Each structure stands twice: as structure tokens, then as C-alpha cells.
Amino acid sequence: MNGVKRRLPRCAMVGMTAVLWGTVLGGTAYAQEAPPFAVLLKQSEDAPRAAAIAADVARAEGLAEQARARPNPSVSVLAENIGGGAPYNSFDAAETTLQINQPFELGGKRSARIAAGQAGVGAARARGLDARVAYSFDLATGYAAAEIAQRRIDLAEDEVEEAEADLRVANAQVGAGKEARLRSLQAETALQALRADLDLARANYTAALARLSALAGMAQPYTGLSGSVLALFDTPPAVGPVDPGRSTIYRTALAEREAANQRLINGGVKMYH
């Protein structure tokens, strides 16, 4: 080997990482890499954030369905003249009245309530689309952060290899009497600093994978990446005229305004019995 340190292949490093994760988690977890971003985005439809978005829309749809229902009748029982006869403690003279009330909605109250419910559904769907876009952005950012951390490990490993080569050269020159011992100490200090940077880069990579796993709703952290989201931006997309109507924020604001208008209309219509 002539004293040359060889780096393990990346597949071997991934395998070692998987074994470590399995040991830490009790040996029951199976290591897996994060799929390409397009596949991960599709799989994340069951993630907690995505489920919360769908639940908000389902809640609005349930309220809109409830708004179509007519008011329920009410039944009341009224007892009067209790203890009216001697010796003033008898129920014989009591008068009991059974009353059934059925509210009737006049003046367009029901139609206004239904319109308000439908507007609420539209607003919830617009908010859901906006939240879905924001979640996709966060997922892409998390994927890119893990990929950048992975590249920093590669750079740090190259720097460590160069520093190790410098240390070997310095030791050889010191041994031959061409350099002072200080030269070897400087090279060793630089190598130790770069090794610390490499450990930090690996820790940041592990943390980035854990954040990505949490965003995707995975129970076990990923051990690596099988795709590249940064490659999608190698060729910048053509930028055309900006259409405000296609903005999710703009459409959400319009839907919220319509829902607010319907609530005002619904609140301004009186109910008559």
C-alpha cells in the first residue's frame, strides 16, 4: 500500500451507516435511502402535515353539509299550578303542557347559510393548495440541505486526504533533516482540525437526513439519498410574464374574501319562527 490511505467506497459507507442505525434502534429497523424527490413528494401524501391539510378541507366540507340541514324541532314540557289544592302539597291540580316547536327559516336564511358553507369549502381548498405548495417547498429545501451536507462530506474527506499526504511528506522531510520538527507539528495540527470538520460535516448530514425523514413522515431516519434535487436547477426555467391569478396566495385571498362576504350576508339575514 506504500502508506497510502484508501477511502472506502460510498456503498460500503452507506452499509456501515445502516448497520449503526439498526444497532441504535434495537436491530429491528431496516435502512433505506430517501427516494428521488419526485417519488418522495408522492409518498409524502400520508405525512402528518399533508394529513392536517386534508383534515382542514374535510372539516369545511362537513360544515357545509351540516349547513344544508334544517333546524331540528324542540319538545318542552311545562307543569303549572303544582300544589294548588289542599293540603297544598298535591299534584292533582297540576296542569301539564306539552309543546313542540318547529323553527321556520324565512328571508333566505337557509340559502345564505348554504352559500356561506360552500364559500368556506372554497376557502379551505385554497388554503390547502397554498399549504401543500409550502410543504412541497419545505420538503425540497430539506432534500437539498441533505444533499449539500453530503457534498460537504466529500469535500471534507478530500481535504483530510490531502492533509494526511502533507503530514507524510512533512514527516519524511523532518526525518531526512530537511525540515524542523515544527513543520511536522503544523501539518499534524492542520490534519486534526480538518478531521474535526469532517466529523461535523457527518453530524450535519445525519441531522439533515433526520429532518428530511420527519418532514416525509418516516418512522426511521433515512441513511442516504438516491437522487438529486439540485440537479433540477442546473438549467434555469424560462421565466415568462407573471400572472397574479396563478398565485396560490392570491387565490387563497380571493376565496377568504368570498367566505367573509358570505358570512356577513348570512349574519345579516334574520330568522323568523
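**Salt bridges, a buried serine and a nonpolar patch**

Glu-61 and Arg-125 form a salt bridge in which the closest N and O atoms are 3.0 Å apart. This pair links distant parts of the chain, since Glu-61 belongs to helix α3 and Arg-125 to helix α4, with their positions 64 residues apart in sequence. The model is a predicted one, and it holds 6 salt bridges, of which three are described here together with a loop residue and a surface patch.

**Salt bridges between helices α3 and α4**

- Glu-61, one partner of the pair described above, is partly exposed, with a relative accessible area of 35%.
- Arg-49 forms a salt bridge with Asp-138, and the closest N and O atoms of these two residues lie 2.9 Å apart.
- Because Arg-49 lies in helix α3 (residues 48–67) and Asp-138 lies in helix α4 (residues 109–175), this salt bridge ties together parts that are 89 residues apart in sequence.
- Arg-49 counts as partly exposed at 35% relative accessibility, and Asp-138 likewise counts as partly exposed, at 28%.

**A salt bridge within helix α4**

- Glu-147 forms a salt bridge with Arg-151, where the closest N and O atoms are 3.1 Å apart.
- Both residues lie in helix α4, and because they are 4 residues apart there, about one helical turn separates Glu-147 from Arg-151.
- Glu-147 is buried, with a relative accessible area of 4%, whereas Arg-151 is partly exposed, with a relative accessible area of 45%.

**A buried serine in a loop**

- Ser-44 is found in the loop between α2, which covers residues 37–43, and helix α3.
- With a relative accessible area of 1%, Ser-44 is buried, the cut-off for that term being under 20%.
- When its neighbours within four places in sequence are left aside, Ser-44 is in contact with Ala-50, Arg-132, Tyr-135, Leu-139 and Ala-216.

**A nonpolar patch on the surface**

- Val-75, Val-77, Leu-98 and Ile-100 make a nonpolar surface patch of about 440 Å².
- Two strands contribute to this nonpolar patch, as β1 (74–80) and β2 (95–101) each supply at least two of its residues.
- Ile-100, one of the residues of the patch, is found in strand β2 and counts as exposed, at 60% relative accessibility.

Conventions: Residues are numbered from 1 along each chain as its sequence is written. This is a predicted model: local features need pLDDT of at least 70, side-chain atom pairs count only at pLDDT 80 or more; totals for chains, interfaces and linings use all residues. Side-chain values use heavy atoms; hydrogens and water are left out. A salt bridge is a side-chain nitrogen of Lys or Arg within 4 Å of a carboxyl oxygen of Asp or Glu. Buried means under 20% relative accessible area, exposed over 50%, partly exposed in between (1.4 Å probe, protein chains only). Contact means heavy atoms within 4.5 Å. Patches are made of residues with over 30% relative accessible area and no salt bridge: like charges are joined within 9 Å, nonpolar side chains (Val, Leu, Ile, Met, Phe, Trp, Tyr) within 5 Å. Accessible areas come from the Shrake-Rupley method with a 1.4 Å probe; for residues, only the protein chains shown count as cover.
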